[in-house]
Amino acid sequence: MIIAIDGPAASGKGTLARRLARHFGLPHLDTGLLYRATARALIEADLPCGDVKAAVAAARSLALMDFDEQVLRGREMGEAASVVAAIPDVRATLIEAQRAFARRPEGAVLDGRDIGTVICPDATAKIFVTASPRVRAQRRALELAGRGEPVDFDGILADILRRDQRDSSRDVAPLRAAADAVTLDTSALDVEAAFRAALAIVERR
Ligand code: CDP
């Protein structure tokens with residue numbers, strides 16, 4: 001069974017994907033971390049995130065990188081990730097590793113932007129998770145505060161809107177729901193209620 005979870009920034013995809021993976025005993029891949037780690041390599045080398053050659057080289061050597069989630073989940077990395085994620089050759093470099101993860105015999109849960117459309121078009125269940133921009137900004141603010149990062153609500157909301165716009169308008173694998181995905185709006189749902197709703201969607205499949 002492959003469960004594909006996609007959605008815009010801070011929609012709660014990761015939390016949902018982790019819960020579903022735990023529930024079904026499946027491995028989980030947060031594909032955003034691949035783009036975040038690629039972006040981090042460029043930032044640390046003082047290179048612009050639009051440097052195609054360096055970004056592809058970084059994406060190729062992901063296996064050698066330090067996946068320190070504390071650093072990768074920072075606000076700056078999300079923004080930089082969305083710039084490298086718009087480079088077609090970077091996406092092409094990362095496709096096979098994601099598909100290989102999904103091909104495990106027991107199945108897998110993957111979350112990102114293009115899992116249902118590009119990485120696993122034949123996934124058993126596809127959920128497109130959304131929430132209003134303000135709710136998503138509140139969730140991201142809480143998450144950043146929990147990690148000791150400064151919280152500037154308007155700045156976070158602006159980041160989210162800019163990133164959604166970039167992710168939705170890029171030429172390759174833009175953020176969008178697959179035709180056969182079920183959309184789950186979590187604006188009025190807490191973590192538990194969102195999990196129950198997602199579980200019902202998967203079980204129906
Ligand atoms: O946690 P959040 O939703 O804010 O971000 P993320 O899922 O870690 O993704 C960071 C960025 O990576 C996104 O804004 C996308 O530009 C990019 N990404 C992508 O293009 N395709 C994916 N499958 C996952 C992430």
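A cavity, on a 1 Å grid over the protein atoms alone, is a set of points where a 1.4 Å probe fits but cannot get out, and its lining residues have an atom within 4 Å of a point. A pocket is an open set of points with protein on both sides within 12 Å along at least five of seven lines.

This is a predicted model, in which local features need pLDDT of at least 70, side-chain atom pairs count only at pLDDT 80 or more, and totals for chains, interfaces and linings use all residues. Residues are numbered from 1 along each chain as its sequence is written, and side-chain values use heavy atoms, with hydrogens and water left out.

**Stop 1: the second largest cavity**

Select A4, D6, G116, T117, K126, I127, F128, R176, A177, A178 and A181. These residues line the second largest cavity. How much space lies inside? About 40 Å³. A volume here is the space filled by probe spheres set on the grid points, which are joined across faces, edges and corners.

Now colour by element. Helices (H or I, at least four residues) and strands (E, at least two) are DSSP runs, numbered from the N terminus. Strand 1 (2–6), helix 7 (115–119) and strand 4 (125–130) each give at least two residues to this lining. Strand 4 supplies the largest share, three residues.

Next, colour by class. Ala, Val, Leu, Ile, Met, Phe, Trp, Tyr, Cys and Pro count as nonpolar, Asp, Glu, Lys and Arg as charged, and the others, Gly among them, as polar. The lining has six nonpolar, two polar and three charged residues.

**Stop 2: the largest cavity**

The count is two cavities of 30 Å³ or more. Move to the largest, which holds about 90 Å³ of space. Select its lining, including R36, R73, R75, E79, R140, D159 and R163. Helix 5 (75–84), helix 8 (133–146) and helix 9 (153–169) are the elements that give two or more residues to it. Which helix gives the largest share of this lining? Helix 9 does, with four residues. By class, the lining splits into three nonpolar, two polar and seven charged residues.

**Stop 3: the largest pocket**

Go to the largest pocket, with a volume of about 820 Å³. It is lined by 37 residues, and A10, G12, K13, G14 and R140 are the closest to its centre. Elements that give two or more residues include helix 1 (13–24), strand 3 (108–112) and helix 10 (191–204). Helix 1 has the largest share, six residues. The lining has ten nonpolar, ten polar and 17 charged residues.

**Stop 4: the ligand**

Where does the ligand sit? It is in the largest pocket (more than half of its atoms lie within 2 Å of the grid points). Show its shell: 18 residues surround the ligand (a heavy atom within 4 Å). The closest are K13, R36, R140, R163 and D167. Helix 2 (32–44) gives the largest share of the shell, three residues. The shell has five nonpolar, four polar and nine charged residues.

Finish with three polar contacts (pairs of N or O atoms within 3.5 Å). A side-chain N or O atom of R91 is 2.7 Å from a ligand oxygen. R113 has a polar side-chain atom 3.0 Å from an oxygen of the ligand. For D114, the partner is a ligand nitrogen, at 3.0 Å. On its own the ligand has 530 Å² of accessible area (Shrake-Rupley method, 1.4 Å probe). The protein covers 97% of that area.

Conventions
A polar contact is a pair of N or O atoms within 3.5 Å; within protein, one must be able to donate a hydrogen and the other to accept it, and residues adjacent in sequence count only if both atoms are side-chain atoms.
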